[in-house]
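Please load the model in your viewer and keep a selection panel open beside it. The stops below are meant to be followed in order, one selection at a time.

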Amino acid sequence: MRKQIALLTIIVLFLGSILVWHEVNKPGWFPLQELQISGLVSTPVDAATEAAGLLKGNNLLAVSPKTVQARMARLPWVRSVHVKRQFPSTMLIRVVERVAVGMVREEGRLFLVDEHGATIKPLEKSDPLMLPIIVAAPGEEKEAQVVWLINLLGRHAWLRNRISEAVGIPGGRWILYTKQGVKLLFSQRTDQELELLRRLQEQYAVLDRKVRQVELRIPGKAMVRFAL
């Protein structure tokens, strides 16, 4: 008899919970009144709101945070997103965006890339120019080349703002172009050659002169070709 009563109680509680869950999921219960999205820097608010796909008055219990998160994650600038219900009427969305550190040129088009070398999105007129433009060496991993170059310029901050384009050559070699049009030729000893270039710049301001090209691939030497 006791087992039958216990079983009946479990059934009643189970059915009751189903009825309660069904009831509170009806429109009118816990209606969405406020959507808070934080962390947006490059993503337009209207684009983020549209991607979230939430309507005022939606029952919070009927909204799947994982579904909202998956939709938001498709936005090009979004690195990660966390979605949380805040009862009785608010949905909280916290976004962490990717940071553009440069551009790559592929098949005649420009793309913004992040600090991991991954493509964010094609460059549009509304986007800021993020120099340098990087052309990765063919047949080698683009992401690794982008990261290597950005780290290189980070170690030689005196030069970074002067560079407009960086072209990778198979074998770990690079050709850099300054905003003034000076062509800089490097071997695989790029760090050492940049130190030599820095000394030349400090002593002779070589990058501020009418120079067409600086050849740095000969160990310990620099050959400067002046513009005619």
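Begin by selecting E107, which is exposed, with a relative accessible area of 84%; bear in mind throughout that the coordinates belong to a predicted model. E107 sits in the loop between β4 (100-106) and β5 (109-114), and its phi is near 50°, a positive value in a residue other than glycine. Next, move to A205, for which phi is likewise positive and near 50° in a residue other than glycine. A205 belongs to the loop between α6 (190-204) and β11 (211-215), where it is partly exposed, with a relative accessible area of 26%.

For the backbone, now display the peptide bond from F87 to P88, which is cis, with omega near 15°; P88 lies in the loop between β2 (78-86) and β3. A second cis peptide bond to show runs from L131 to P132, with omega near 10°, and P132 is placed in the loop between β6 (119-122) and β7 (133-135).

From P88, go on to strand β3 (residues 90-97), in which T90 lies. T90 is buried, at a relative accessible area of 7%. If you add Q36 to the selection and draw a distance between the two C-alpha atoms, the separation is 7.4 Å, although T90 and Q36 are 54 residues apart along the chain.

The next stop is helix α4, residues 142-155, whose 14 residues reach 20 Å from the first C-alpha to the last, close to the 20 Å expected at 1.5 Å a residue. Which residues of α4 are buried? Select K142, Q145, V146, L149, I150, L152 and L153, which are the buried ones; they cover an arc of only 155° around the axis, and therefore lie on the same side of α4. While K142 is still highlighted, add E143, since the two side chains meet in a salt bridge at 4.0 Å, N to O. In this pair K142 counts as buried at 13% relative accessibility, whereas E143, at 30%, counts as partly exposed.

That contact leads to the salt bridges in general, of which a search of the whole structure finds 13. Side chains of opposite charge can pair when their charged atoms come close. Select R217 and E215, which form a salt bridge with their closest N and O atoms 2.6 Å apart; R217 is partly exposed at 37% relative accessibility, while E215, at 12%, is buried. Then show R79, R98, D114 and E115 together, as these four are linked in a network of salt bridges.

Finish at the largest pocket, which holds about 180 Å³ of space. To outline the pocket, select its lining residues: S42, T43, P44, A47, L75, P76, W77, K121, E124, S126, D127 and P128. Coloured by class, this lining divides into 6 nonpolar, 3 polar and 3 charged residues. Two residues of the lining, K121 and E124, also form a salt bridge with each other, the closest N and O atoms being 2.9 Å apart. Here K121 counts as buried at 9% relative accessibility, and E124 is partly exposed, with a relative accessible area of 46%.

Technical notes. Residues numbered from 1 in each chain as written. Predicted model: local features only at pLDDT ≥ 70, side-chain atom pairs only at ≥ 80, totals over all residues. Heavy atoms only, no water. Helix = DSSP H or I, 4+ residues; strand = E, 2+ residues; numbered from the N terminus. Expected span 1.5 Å × (residues − 1). Buried < 20%, exposed > 50% of the residue type's maximum accessible area, 1.4 Å probe, protein only. Arc of directions from axis to C-beta. 1 Å grid on protein atoms, 1.4 Å probe; cavity = no way out; pocket = protein on both sides within 12 Å on 5 of 7 lines; lining within 4 Å. Points joined across faces, edges and corners; volume = space filled by probe spheres on them. Nonpolar A, V, L, I, M, F, W, Y, C, P; charged D, E, K, R; others polar.
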